[in-house]
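Student: I should like to take a close look at a single part of this protein. Please treat the answer as one connected account.

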Amino acid sequence: MLTIEALSPENLQHVLQLSVHEAQTPYVGAIETIIERSTPQAAETQWVICLNGTPVGFFLLDKAYSNQYLFCPNGAVGLRSLLIDCRYQGQGVAKRAIGKILQNYSVWLHTRNADLYLTVNCKNTLARQLYVKSGFIDTDQLYLGGEAGPQHIMCFKSKQLS
């Protein structure tokens with residue numbers, strides 16, 4: 001069973017053991033760095049993807065995404081640093097997790113009608129395809145400030161849930 005829970009002191013040690021394939025590191029980074037750079041006391045929330053109670057993934061939801069990225073309208077939420085541990089990739093975990101995120105992010109963040117934005121590296125075609133299949137729309141714009149090169153700007157309209 002796939003569940004999503006907030007990062008906590010109880011699951012932190014398991015989460016710190018998550019890693020992606022070496023080829024994916026430029027797109028996601030190391031989990032320690034993601035957590036270290038995250039600002040949960042501000043507008044970010046840290047989430048753990050669990051499979052049968054075992055942490056297998058991680059992501060951030062950022063209510064202040066529009067403050068950093070001009071392409072993101074005020075009131076929208078950013079989905080950042082989504083990763084699935086390399087041992088669980090290719091098993092449909094990411095697809096199921098994205099589905100749960102899209103169904104629940106507004107409840108978790110106590111927001112209404114907030115669109116969800118993300119960027120995905122242009123070289124990361126599998127991730128882009130997964131987001132499109134999950135209901136994200138490629139805006140046909142590129143974000144050029146990514147550390148690993150240009151990124152597609154993608155959006156999930158909250159109205160799609162209605």
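Which residues are linked in a network of salt bridges? Please also describe the strands around that part and the other charged pairs.

Tutor: The model is a predicted one. The network of salt bridges links Glu-44, Asp-62 and Arg-80. Each of these residues can be placed on a strand: Glu-44 falls in strand E2, which covers 44-51, Asp-62 in strand E3, residues 54-62, and Arg-80 in strand E4, residues 77-84.

Strand E4 is a good place to begin. Of its eight residues, seven are buried, so the strand is mostly covered. E3 and E4 run antiparallel and are joined by five bridges. Within this pairing, Asp-62, a member of the network, has Gly-78 as its bridge partner in E4. Phe-58 is likewise matched with Leu-83 of E4. With strand E5 (residues 116-121), E4 pairs in the parallel sense, over two bridges. Here Gly-78 stands opposite Tyr-117 of E5. The chain passes from E4 to E5 by way of helix H5 (residues 93-109), and this β-α-β crossover is right-handed.

These pairings belong to an open sheet of seven strands with mixed pairing, in the order E1-E2-E3-E4-E5-E7-E6. Its edges are strand E1 (2-6) and strand E6 (137-143); each has a single partner strand, so one side of each is left without a neighbour in the sheet. On average, neighbouring strands are turned by 30° against each other, direction ignored. Helix H5 packs on this sheet and touches E1, E2, E3, E4, E5 and strand E7 (151-156), its direction making about 45° with that of E1.

The charged pairs come next. Side chains of opposite charge can pair when their charged atoms come close. In this model the count of salt bridges comes to six. One of them joins Glu-147 and Arg-37, at 3.8 Å from N to O. Because Glu-147 lies in the loop between E6 and E7 and Arg-37 in helix H3 (residues 31-37), the pair ties together parts 110 residues apart in sequence. Glu-147 is exposed, at 77% relative accessibility, and Arg-37 is exposed as well, at 58%.

Another salt bridge is formed by Lys-157 and Asp-115, whose closest N and O atoms are 3.5 Å apart. Lys-157 is in the segment after E7 and Asp-115 in the loop between H5 and E5, so that distant parts of the chain, 42 residues apart, are linked. Lys-157 is partly exposed, with a relative accessibility of 35%, whereas Asp-115 is buried at 16%.

A further salt bridge connects Asp-138 with Arg-128, the closest N and O atoms being 2.9 Å apart. Asp-138 belongs to the edge strand E6, and Arg-128 to helix H6 (residues 125-133), ten residues away. Asp-138 is buried, at 13% relative accessibility, while Arg-128 is partly exposed, at 27%.

Disulfides, by contrast, number zero in this structure. For Cys-50, the closest cysteine sulfur is that of Cys-86, 17 Å away, which is too far for a bond. Cys-50 is buried, with a relative accessibility of 1%. Cys-122 is also in no disulfide, the nearest cysteine sulfur being that of Cys-155, 17 Å away; Cys-122 is partly exposed, at 28%.

Terms used. Residues numbered from 1 in each chain as written. Predicted model: local features only at pLDDT ≥ 70, side-chain atom pairs only at ≥ 80, totals over all residues. Heavy atoms only, no water. Disulfide = S-S within 2.5 Å. Buried < 20%, exposed > 50% of the residue type's maximum accessible area, 1.4 Å probe, protein only. Helix = DSSP H or I, 4+ residues; strand = E, 2+ residues; numbered from the N terminus. Pairing = 2+ DSSP bridges. Right-handed = clockwise from strand over helix to strand, strands pointing away. Axes fitted to C-alpha atoms, helices over the stretch in contact; angles between N-to-C directions. Contact = heavy atoms within 4.5 Å. Salt bridge = Lys/Arg side-chain N within 4 Å of Asp/Glu carboxyl O.
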